[in-house]
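Trainee: Hi, have you got a moment to go through this model with me?
Mentor: Sure, let's open it and take it step by step.

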Amino acid sequence: MTWTVTPERFDSPDAALLRRDYYDEVASRYWGRPATAEEIDQGLTDDGADRLVPPTGQFVVGRFEGKPASCAGLLVVDADTAEVTRVFVRPGCRGTGGGGLLLAAVESAARAFGVRTIRLDTRNDLVEARGLYAKHGYREVPAFHRRQYAEHWFAKEL
C-alpha cells in the first residue's frame, strides 16, 4: 500500500474531483442528507480555492496506489501564520496513513513559506478529522475567528 502526496493545482481534473468529493461529504454530513449536485456546485463557486497557489498558499493531492484519494490546502494568513483547509481522504482509504502524509506535506509547504504557526478549524461532527489533528501534534486553542461551520480550533508550532 503506497501513498504519494505532491503539490498540484487546485483546478487540475484530479484536484477538482477531490474538492467536489470533499464538499459533498462535509455538506452531506452537516445537513444529515445527501447534498445535491446544485448545492455542491454552489458551495464550490467562489470558495477561495484560487488562493491555494504560491505565494498565497499550496494545494496537495494524495494518491493511493496511484489513484487520487486525498487532498489538502494551505492558505498563508500572514508572515507567521497559515491555515490548513479542505483536508479530505476518501472513505475507502482512511486508516492507511494518508491523512498524516497530507498534514506533513502542508506543514512542509508552510515552512517553505517561512510560516511558524499552522492552524485550522473543524466541526463537531468531523470526529475523524479532530482525531487526525490531535494525533499529529495539533492542540485545541481558543477560537481565532467566528466563521460559520467552525466549532473547534487547532494550532501547531512548526
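Mentor: One term before we start: helices and strands here are DSSP runs, numbered from the N terminus, with at least four residues for a helix and at least two for a strand. With that in hand, Glu65 can be placed in the loop between β2 and β3. Keep in mind that this is a predicted model.

Trainee: Thanks! How many helices and strands are there in the protein chain?
Mentor: The protein chain has 4 helices and 7 strands. Following the sequence, their order is β-α-α-β-β-β-α-β-α-β-β.

Trainee: And how compact is the protein chain for its length?
Mentor: Its radius of gyration is 15 Å, close to the 15 Å that the globule rule gives for 158 residues, so the chain is as compact as a globular protein of that length. Along the principal axes, the C-alpha atoms fill a box of roughly 40 × 35 × 30 Å.

Trainee: What share of the residues is buried?
Mentor: Buried residues are 47% of the 158 in the protein chain. As for contacts with a separation of 6 or more, 61% of them join residues 24 or more positions apart.

Trainee: Back to Glu65 for a second. What stands out about its phi?
Mentor: Phi of Glu65 is near 55°, which is a positive value in a residue other than glycine. Glu65 has a relative accessible area of 48%, so it counts as partly exposed.

Trainee: Which strand holds Arg86, and what is its phi?
Mentor: Arg86 sits in strand β4. Its phi is positive too, about 55°, although Arg86 is not a glycine.

Trainee: Is Arg86 buried or exposed?
Mentor: Arg86 counts as buried because its relative accessibility is 13%, and the cut-off for buried is under 20%.

Trainee: Any odd peptide bonds? Where is the cis one?
Mentor: Look between Pro54 and Pro55: a cis peptide bond joins them, with omega about 5°. Pro55 is in the loop between α2 and β2.

Trainee: New topic, pockets. What volume does the largest pocket have?
Mentor: The largest pocket has a volume of about 1300 Å³. Its lining is made of 48 residues, and those closest to its centre are Tyr22, Val26, Thr85, Arg86 and Val87. So Arg86, which we placed in strand β4, turns up again in that central group.

Trainee: Which element gives the most to the lining of the largest pocket?
Mentor: That is α1, with 8 residues. Among the elements that each supply at least two residues are also α2, β4, α3, β5 and α4.

Trainee: How does the lining split by class?
Mentor: There are 22 nonpolar, 14 polar and 12 charged residues in the lining of the largest pocket.

Trainee: Let's go to Ala72. Where is it, and is it buried or exposed?
Mentor: Ala72 belongs to strand β3, residues 67-76. Ala72 is at 0% relative accessibility, so it counts as buried.

Trainee: Which residues does Ala72 touch?
Mentor: Leaving out residues up to four places away in sequence, Ala72 touches Gln58, Phe59, Val60, Thr85, Arg86, Val87, Leu102 and Val106. Take Val87: it is 15 residues from Ala72 in sequence, yet their C-alpha atoms are 4.3 Å apart.

Trainee: Gln58, Phe59 and Val60 again? I saw them around Glu8.
Mentor: Well spotted. Glu8 is in contact with Gln58, Phe59 and Val60, and also with Asp14, Ala15, Val61 and Arg63, leaving aside neighbours within four places in sequence. Glu8 lies in the loop between β1 and α1, and it counts as buried because its relative accessibility is 17%.

Trainee: What polar contact does the side chain of Arg123 make?
Mentor: The side chain of Arg123 makes a polar contact with the side chain of Asp125, at 2.7 Å. Arg123 is in the loop between β5 and α4, and at 6% relative accessibility it counts as buried. Beyond four places in sequence, Arg123 touches Val26, Arg29, Tyr30, Arg130, Tyr149, Glu151 and His152.

Trainee: Last one: how far apart are Ser108 and Leu158?
Mentor: They are 50 residues apart in sequence and 9.1 Å apart in space, C-alpha to C-alpha. Ser108 is in helix α3 and is partly exposed, with a relative accessible area of 43%.

Terms used:
Residues numbered from 1 in each chain as written. Predicted model: local features only at pLDDT ≥ 70, side-chain atom pairs only at ≥ 80, totals over all residues. Heavy atoms only, no water. Buried < 20%, exposed > 50% of the residue type's maximum accessible area, 1.4 Å probe, protein only. Contact = heavy atoms within 4.5 Å. 1 Å grid on protein atoms, 1.4 Å probe; cavity = no way out; pocket = protein on both sides within 12 Å on 5 of 7 lines; lining within 4 Å. Points joined across faces, edges and corners; volume = space filled by probe spheres on them. Nonpolar A, V, L, I, M, F, W, Y, C, P; charged D, E, K, R; others polar. Polar contact = N/O pair within 3.5 Å; in protein donor to acceptor, adjacent residues only side chain to side chain. Rg over C-alpha atoms; globule rule 2.2 N^0.38 Å.
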